[in-house]
Amino acid sequence: SEAINENESSGATVGTLSSTDADFGDTFTYTLVAGNGSTDNTSFSISGSNLLSSAIFDHETKDSYSIRVRTTDSNNLWYEEEFTITVNDINEIPTDSALTSTNINENESSGTIVGALSTTDIDDGDTFTYTFVTGTGDTDNGSFSISGSNLLSGASFDYESKDSYTVRIQTTDTNGTGLSYAQNFTIIINDVNEVPTDMALSSITIDENESSGTTIGALSTTDIDAGDSFTYTLVTGTGDSGNGSFSISGSSLLSGSSFDHETQDSYSIRLRTTDTNGLFYEEEFTITVNDVNDTPTDIALSLTNIDENEASGTTIGTLSTTDADAVDSFTYTLVAGSGNTDNGSFSISGSDLLSAAIFDHET
């Protein structure tokens, strides 16, 4: 043989030397000698008639070696010849694999390409197949798929639920022997700014007659992005009819006037919450004006005359009250104060003003 497989251990037998000599039964000694073709003599040795390797050969580094061998018969006559020793290319195991990207944005659809797989293999022109395999780091294999040399997502990922996944992938060459190499990869889920999903107002009522600028309630936002901050505005759209009666300061909704329940008992407004990246959510709110008991504003008496000489206890007239509060009821009393000079001459029964004496017009 004038060939040896690459990667054979040093001292491996390359082949057996033999000599052609007209002398029947002669014996021969073999040596490596200097001369034409002796370039690689040091990479070999001879034991008896066997040519041995003196190194581990790598086909990809050097695929042939030149040596010069002398055969010497028992009478010290000799013959020399050059030999070319070929290093056979043997399929070798892949040594590494890589993924062009190990990140994917959250919310991408299932089947999105995460990255392209590639393999490090000393064999030129080798091709590879990629598969998920069990073993250390295979925890999340089921969340991905492989198409050709591409790693694909197997779901739409949510950063807030889980921000990294671990997979174990095997690369196998296609040179018949199916040599393979397995490696773990950690896939990072990128946090992407998401749209706010809800808004709340801590109170949606205000008492009537409160001054303009009174705080009605505090606004808050539901957003899956931790630590986001928000700006609140009154915006046009469905339900914005009462926007002009309110204002916003920071996250507080304020009244824009002093409300009167009897005039209008509820207002519809439309609010927008906007996160720091400009994504927003809008919602309608109905603000209720609470009915608060109002002070009566006037008293009337149906008749303010009585004939002299009428008996004490005669009804003079019926009292009535002006009050913004609908269906309120009233109690009437004679009280001290300006104009109370003659209170003692009258009495009240229910809503009737009665005489408490017999009056004389001339007196």
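Student: How many salt bridges does a search of the whole structure find?
Tutor: The search finds eight salt bridges across the whole structure. The model is a predicted one.

Student: Why is the contact between Glu282 and Arg270 called a salt bridge?
Tutor: The side chains of Glu282 and Arg270 come to 2.8 Å, N to O. The cut-off for a salt bridge is 4 Å between a side-chain nitrogen of Lys or Arg and a carboxyl oxygen of Asp or Glu, so the pair qualifies. Glu282 belongs to strand β23 (residues 280–290) and Arg270 to strand β22 (residues 266–275), and this pair links distant parts of the chain, 12 residues apart. Both Glu282 and Arg270 are buried.

Student: What makes the contact of Arg270 with Glu284 a salt bridge?
Tutor: The closest N and O atoms of Arg270 and Glu284 are 3.8 Å apart. That value is within 4 Å, and therefore the pair counts as a salt bridge. With Arg270 in strand β22 and Glu284 in strand β23, the pair ties together parts that are 14 residues apart in sequence.

Student: Why is Arg270 called buried, and why does Glu284 count as partly exposed?
Tutor: Arg270 has a relative accessible area of 16%, and buried means under 20%, so the word applies to Arg270. Glu284 has 40% relative accessibility. Partly exposed covers what lies between under 20% and over 50%, and therefore Glu284 is placed there.

Student: How do you know that Glu282 and Arg272 meet in a salt bridge?
Tutor: Their side chains meet at 2.5 Å, N to O, and because this is within 4 Å, the pair is a salt bridge. Glu282 lies in strand β23 and Arg272 in strand β22, so parts 10 residues apart in sequence are tied together. Arg272 has a relative accessible area of 25%, and is therefore partly exposed. Elsewhere, Arg68, Arg70, Glu80 and Glu82 are joined into one network by salt bridges that share partners.

Student: What makes the position of Arg272 relative to Phe280 one over the face of the ring?
Tutor: Arg272 lies over the face of Phe280, at 3.9 Å from the ring centre. The distance limit is 6 Å, so the value meets that part of the rule. Arg70 likewise lies over the face of Trp78, at 3.9 Å from the ring centre.

Student: How many aromatic pairs does the count come to?
Tutor: The count comes to 10 aromatic pairs.

Student: Why is the pair of Phe44 and Phe57 called tilted?
Tutor: The ring centres of Phe44 and Phe57 are 5.3 Å apart, which is within 6.5 Å, so the rings form a pair. Their planes stand at 35 degrees; this is neither under 30 nor over 60, and therefore the pair is tilted. The pair links distant parts of the chain, 13 residues apart, with Phe44 in strand β4 (residues 44–47) and Phe57 in the loop between β5 (50–53) and β6 (64–73). Both Phe44 and Phe57 are buried. The aromatic pair of Phe157 and Tyr165 is tilted too, at 4.7 Å centre to centre and 40 degrees between the planes. Phe157 and Tyr165 are buried. Ring pairs also link Phe44, Phe57 and Tyr65 into a cluster.

Student: Which residues lie nearest the centre of the largest pocket?
Tutor: Of the 28 residues lining the largest pocket, those nearest its centre are Leu319, Thr333, Leu334, Ile348 and Leu353. The elements giving two or more residues to this lining are β24 (298–301), β25 (315–322) and β26 (346–349). Strand β24 contributes the largest share, four residues. The space in the largest pocket is about 520 Å³, and its lining has 16 nonpolar, 10 polar and two charged residues.

Student: What classes of residue line the second largest pocket?
Tutor: Its lining has eight nonpolar, four polar and four charged residues. The space in the second largest pocket is about 230 Å³.

Student: Why does Asn76 count as exposed?
Tutor: Asn76 has 60% relative accessibility, which is over 50%, so it counts as exposed. Asn76 is found in the loop between β6 and β7. Its phi is near 65 degrees, a positive value in a residue other than glycine.

Note on methods
Residues numbered from 1 in each chain as written. Predicted model: local features only at pLDDT ≥ 70, side-chain atom pairs only at ≥ 80, totals over all residues. Heavy atoms only, no water. Buried < 20%, exposed > 50% of the residue type's maximum accessible area, 1.4 Å probe, protein only. Phe/Tyr/Trp six-rings, centres within 6.5 Å; stacked < 30°, edge-to-face > 60°. Lys NZ or Arg CZ within 6 Å of the ring centre and 35° of its normal. 1 Å grid on protein atoms, 1.4 Å probe; cavity = no way out; pocket = protein on both sides within 12 Å on 5 of 7 lines; lining within 4 Å. Points joined across faces, edges and corners; volume = space filled by probe spheres on them. Nonpolar A, V, L, I, M, F, W, Y, C, P; charged D, E, K, R; others polar.
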